[in-house]
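Okay, thanks for making time, everyone. I'd like to walk you through one structure today, so let me put it on the screen.

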Amino acid sequence: MGHPALEIDLEVIRRNAAAVKALCGQAGVAVAGVVKGAEAMLPVAEAFLKGGIECLADSRMDHLEKLRRGGVRAPLMLLRVPMLSETEDLVRLADYSLQSERAVLEAVEKACRRQGRRHGVVLMADLGDLREGWFEADELLEAALYVERNLERVRLAGIGANLGCYGSVAPTAENLGRLVRIAESIEARIGRRLEIVSGGSTSSLKLLAEGTLPRGINHLRIGEAILTARDLGTYFDCPIKGLAQEGFTLKAEVVEVKKKPSHPVGTLMVDAFGEKPVFEDRGIRMRAIAAVGRKDFGQADKLIPLRAGVQILGASSDHLILDVEDCPEDLTVGDVLSFGMFYGPMLFLCASDSVEKRFKG
Ligand SMILES: *Cc1c(COP(=O)(O)O)cnc(C)c1O
C-alpha cells in the first residue's frame with residue numbers, strides 16, 4: 001500500500017508526556033493521559049506510560065477494551081459519561097469513570113456487585129460549557145452524598161468539570177474556583193478529602209502554566225498537549241516549552257500536477273459536502289492533487305504543509321487540492337508531500353483504515 005501514511009513519532013509523544021507530567025507535578029496536579037485522539041493505539045499508549053503517565057483515559061469503551069487486550073495494566077478512566085447499557089463493560093475494564101446521572105451510578109453499583117469489583121466515580125459539574133454534568137451545585141452535592149452514603153462498591157473518587165468542548169467556554173480561575181468550592185463543601189460533609197478534583201483538559205494547562213490554576217484542582221485530563229501540542233500556542237497564546245509538534249506527520253502522494261485557473265469555471269452550486277466554498281481568482285496557477293481526502297483527515301484547513309510553497313486550497317472525500325505555484329522546486333507526479341496537523345486531522349487519520357500507520361522512535 002504505502003500511501004497515504006501517518007508517521008507517528010513515539011519518542012516525541014513520550015517526551016511530551018514527560019513534560020506535561022513534570023509541569024503538572026510541580027503544581028501537585030496528577031495527569032490522566034487521554035489517548036482517544038490516537039484511536040488508543042497501543043504503541044501510543046505505551047509512549048504515554050513510558051513518559052511517566054500513570055493513568056490512561058479514553059471516551060470509548062472499545063478503546064479501553066483494546067488497551068486491556070494489549071496488556072495495559074495501568075488504571076483506566078472512561079471519559080464519556082457511560083451509557084446505561086455499558087455499565088457491565090465499564091466495571092470490567094475501567095477503574096474510574098466520569099458520571100452525571102444517578103440511574104447510571106445505581107447500575108454501576110449493581111454491576112460491581114455482580115462482578116465482585118469496585119469502581120471509582122468522578123461526578124461532573126457543568127460550569128457553563130453545557131456538555132455533561134450537574135448544572136446546580138446543590139444537586140451535585142446531593143449526588144455526591146448519595147454515592148458516599150448509599151453505594152457500597154461505587155467509591156466517590158471526586159468531582160470534575162469539562163470546559164471548552166461544546167460551549168467553547170474558557171477555563172478560568174473563577175469557574176474552576178467554583179469547582180474547588182463545591183469540592184470543599186462535599187469534603188466538609190463527608191469528612192474526608194476527595195482523591196480527585198479534575199479541572200479539565202489541555203485548555204486548563206494555560207492556567208497552570210501561568211500560575212492561576214486555583215489551588216485545590218489536583219487532576220487534569222490531557223490529550224492534545226501530548227499528542228499534537230499545537231492548541232496552547234495557537235489558540236490560547238500560551239506556548240509551553242518542551243512540547244514538540246512533530247508527533248504526527250501525514251505522507252501523501254501527488255497524483256496530478258497541472259496549471260489551471262484558480263476560480264472554478266461554470267455555474268457554481270454546492271460541493272460534495274453540501275457547502276458553498278468561496279474561491280479567490282488568482283489567475284492561472286500550478287496546482288497539485290494529493291491522494292488523500294476528507295474521509296481520511298476530516299478538516300483540510302487543519303493540515304500544515306511542510307514543503308515550502310505548498311498551500312492547501314481544499315479537499316473532497318478522496319482528493320487534497322494544493323496550490324504549488326510558489327514551490328521553489330517543481331513538483332512531479334509520484335512525489336510524496338508531508339503535512340503536520342492539528343488535533344482534528346490526527347483524530348480522523350488515526351481512525352482511517354485507508355491510512356498506513358508507521359511508528360518510529
Ligand atoms: C477528550 C477529553 C479530554 C482531553 O482533552 P484534550 O483537549 O485532548 O486535552 C478531557 N476530558 C474529557 C471529558 C474528554 O472527553
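Let me start with a small one: which residue with a positive phi follows H3? That's Gly71, with phi near 95 degrees. When I say helix or strand, I mean DSSP runs, H or I of at least four residues for helices and E of at least two for strands, numbered from the N terminus.

Some housekeeping before we go on. This is a predicted model, so local features need pLDDT of at least 70 and side-chain atom pairs count only at pLDDT 80 or more, while totals for chains, interfaces and linings use all residues. Residues are numbered from 1 along each chain as its sequence is written, and side-chain values use heavy atoms, with hydrogens and water left out.

On confidence: pLDDT is the predictor's confidence in each residue, from 0 to 100. The mean for the protein is 97, and 100% of the residues reach 70 or more. By element, helix H10 has the lowest mean pLDDT, at 95, and strand E4, residues 76-78, has the highest, at 99.

Now the overall picture. We've got twelve helices and 16 strands. The C-alpha atoms fill a box of roughly 75 × 40 × 40 Å along the principal axes. The radius of gyration is 23 Å, and a compact globule of 361 residues would be near 21 Å, so the two agree. That radius is taken over C-alpha atoms, and the globule rule is 2.2 Å times the number of residues to the power 0.38.

Of the 361 residues, 50% count as buried. Buried is under 20% relative accessible area, exposed is over 50%, and partly exposed is in between, with a 1.4 Å probe and protein chains only. The accessible surface comes to about 16800 Å², and 50% of that belongs to carbon and sulfur atoms. For contacts, I'm using heavy atoms within 4.5 Å. Take the contacts with a separation of 6 or more: 65% of them are between residues 24 or more positions apart.

Charges next. There are 47 positive and 51 negative side chains, and the centres of the two sets lie 4 Å apart. Lys and Arg count as positive, Asp and Glu as negative, and His and the chain ends are not counted. Each charge is placed at NZ of Lys, CZ of Arg, CG of Asp or CD of Glu.

Back to H3, which covers residues 61-69. Which of its residues are buried? Met61, His63, Leu64, Glu65 and Leu67. They pack against helix H2 (42-50), strand E3 (55-58), E4 and H4.

One of those buried residues, His63, also turns up in the contacts of Glu39. Glu39 sits in the loop between strand E2 (30-34) and H2, and at 23% relative accessibility it's partly exposed. Beyond four places in sequence, Glu39 touches His63, Lys66, Cys350 and Ala351. From Glu39 to Asp58 is 19 residues in sequence and 9.0 Å in space, C-alpha to C-alpha.

H4, residues 87-93, holds Val91, which is buried at 2% relative accessibility. Leaving out residues up to four places away, Val91 touches Val108, Ala111, Cys112, Gln115, Arg117 and His119. Val91 and Gln311 are 220 residues apart in sequence and 48 Å apart in space, again between C-alpha atoms.

Is Glu109, over in helix H5 (102-115), buried or exposed? It's buried, because its relative accessibility is 4%. Past its neighbours within four places, Glu109 is in contact with Leu151, Glu152, Arg153 and Val154. The C-alpha atoms of Glu109 and Ala125 are 21 Å apart, with their positions 16 residues apart along the chain.

Last, some backbone geometry. A cis peptide bond joins His3 and Pro4, with omega about -5 degrees, and Pro4 is in the segment before strand E1 (5-9). Then there are non-glycine residues with positive phi. Ser168 has about 60 degrees, in the loop between strand E7 (154-161) and helix H7 (173-190), and counts as exposed at 60% relative accessibility. Asp237 has about 55 degrees, in the loop between H10 (231-234) and strand E10 (248-261), and is exposed too, with a relative accessible area of 65%.

That's my tour, thanks.

Note on methods
Accessible areas come from the Shrake-Rupley method with a 1.4 Å probe; for residues, only the protein chains shown count as cover.
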